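Here is a short report on helix packing, ligand surroundings and backbone geometry. Keep the structure open while reading.

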Amino acid sequence: MPLTVQQITLRELRLPLREPFQISSGSADVRRIVLLELREGDGTTTWSECVAGEYPNYSPETADTAWLAISEWVAPRILGTGFTTPRQVHAVLEHGFRGHNMAKAAVEMGIWAMAAQRQGSSLATFLGGSREQIATGISLGIQSDPAALVGKARDAAAQGYQKLKLKVKPGADLEYVAAVRQALGDTFPLMVDANNAYTEQDFDHLARFDDFNLIMIEQPLAWDDLVRHAALQRLLATPICLDESITSVDRAADMVRLESGRIVNIKPARVGGFTQSLAIHDLCAQHGIPVWCGGMLESGIGRAYNVALASLPNFTLPGDLSPSARYWERDIVTPEWTMRDGMVAVPRKQPGIGVAVDIDRVDNLTVRTQVLSAG
Ligand code: OSB
Ligand code: MG
């Protein structure tokens, strides 16, 4: 029996973050979360999440453009179409349809979970992931001053996080990193993420990050750049990790060829879903490039997909997979995501994504709905 989605219910929720999250390119205090409920002919449903944010400050997509793309172009190609494997979905969505990776990924990843569920497998097992637990890192937003960041960093280290990522931008960088490095000691796993805040004019300045024994510096330059990152990597001892620039396995291959970076942050939504994520994972493994799973301030639904992906073997660095309570007063799934000894457990006991959606809470938070049906 082919996998066939007969109906997609789109919903938008507003979920307040416990604290505002500031990065160099923008800030968020309420997450606009787009959820999808995919329904098969027999009534079985699968939930997925579209991680696009409110503004196009990370990539060109937003919650609104993704909603439009899913309803106008993604759903019509998928609804009523039979797939023998979820690996077929990406090509169907790419043919004559440029960009909108997060919109495409929300549906593509949902079909992977549907397939896992149907086979009685956890999503992690279905993807080929073998890890039982995943080391967890935290991404700390830009703070008002170094002392405030040190406070957050100390708390995070005390909670057991195995990696701290400090968001930086010009004017809130070296001094902040120096303060945290001093507070946590010489060897604590630290990294920074600039979300494109620097340019070629800043190369001398960026070279000073080499003083802090960072495990990597994430996406210092433009969101779609590979060439300038290669020039910068030649000057830096610290490995560059690319996030925004890697939007497909071809871009990852370009990174390898140009030597634009030495680590990849895989966010499955950014690359159009799991088929591309697996290809990037494999390509990087062949080239000795470690990968790790980034986050987009997902609800517990999106997190389930990230955790499943991060259980694959070449995800050797801690992921931005913080527990539910780091983001939300209360999550929209049960059980909520938790961390023990700096690790998140990969759900293996039930088929599919491994968490149940709290439908009453989802209903209460929903601000709009659209039902898309086959035919
Ligand atoms: O660059 O990794 C990023 C959140 C929104 C947009 C971009 C990024 C981030 C994060 C959040 O760092 C990590 C998380 O979900 O905990
Ligand atoms: Mg990033």
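The text below takes the ligand site, then the helix pairs, then two backbone features.

**Ligand site**

The model is predicted. Ligand 1 is surrounded by 15 residues. The closest are Ser-139, Asn-195, Lys-267, Leu-297 and Tyr-327. Polar side-chain atoms of Asp-243, Lys-267 and Tyr-327 approach oxygen atoms of the ligand. The table lists the distances.

| Residue | Partner | Distance |
|---|---|---|
| Asp-243, polar side-chain atom | oxygen atom of ligand 1 | 3.2 Å |
| Lys-267, side-chain N or O atom | oxygen atom of ligand 1 | 2.8 Å |
| Tyr-327, polar side-chain atom | oxygen atom of ligand 1 | 2.6 Å |

Lys-267 and Tyr-327 are also among the closest residues to the ligand.

**Helices α9 and α10**

Helix α9 covers residues 249–258, and helix α10 covers residues 274–286. Their axes come within 9 Å of each other. The crossing angle is roughly 20 degrees. Angles under 35 degrees count as roughly parallel, so α9 and α10 are roughly parallel to each other. Their crossing is right-handed. From α9, the contact uses Val-249, Ala-252, Ala-253 and Val-256. From α10, Gln-276, Ala-279, Ile-280 and Leu-283 meet them. By class, this contact has seven nonpolar residues, one polar residue and no charged residue.

**Helices α3 and α10**

Helix α10 also packs with helix α3, which spans residues 101–119. The two axes come within 8 Å and cross at roughly 85 degrees. An angle from 65 to 115 degrees counts as roughly perpendicular, so α3 is roughly perpendicular to α10. On the α3 side, Glu-108, Met-109 and Trp-112 make the contact. On the α10 side, the residues are Phe-274, Thr-275 and Leu-278. The classes are four nonpolar, one polar and one charged.

**Helices α5 and α6**

How do the axes of α5 and α6 cross, and at roughly what angle? Helix α5 runs over residues 146–159 and helix α6 over residues 174–184. Their axes come within 9 Å and cross at roughly 40 degrees. This angle therefore makes α5 oblique to α6. The crossing is right-handed. Helix α5 contributes Pro-146, Leu-149, Val-150, Ala-153, Arg-154 and Ala-157. Helix α6 contributes Glu-175, Tyr-176, Ala-179, Val-180, Ala-183 and Leu-184. The contact of α5 with α6 holds ten nonpolar residues, no polar residue and two charged residues.

**Backbone features**

Which residue other than glycine has a positive phi, near 45 degrees? The residue is Asn-195. Asn-195 sits in the loop between β8 (190–193) and α7 (203–207). Asn-195 is also one of the closest residues to ligand 1.

The other feature is a cis peptide bond. This bond joins Thr-334 and Pro-335, with omega about -10 degrees. Pro-335 belongs to the loop between β13 (333–334) and β14 (343–345).

Methods. Residues numbered from 1 in each chain as written. Chains lettered and ligands numbered in written order. Predicted model: local features only at pLDDT ≥ 70, side-chain atom pairs only at ≥ 80, totals over all residues. Heavy atoms only, no water. Axes fitted to C-alpha atoms, helices over the stretch in contact; angles between N-to-C directions. Helix = DSSP H or I, 4+ residues; strand = E, 2+ residues; numbered from the N terminus. Parallel < 35°, antiparallel > 145°, perpendicular 65-115°, else oblique. Left-handed = near helix turned anticlockwise from the far one by under 90°. Contact = heavy atoms within 4.5 Å. Nonpolar A, V, L, I, M, F, W, Y, C, P; charged D, E, K, R; others polar. Near = heavy atom within 4 Å. Polar contact = N/O pair within 3.5 Å; in protein donor to acceptor, adjacent residues only side chain to side chain.
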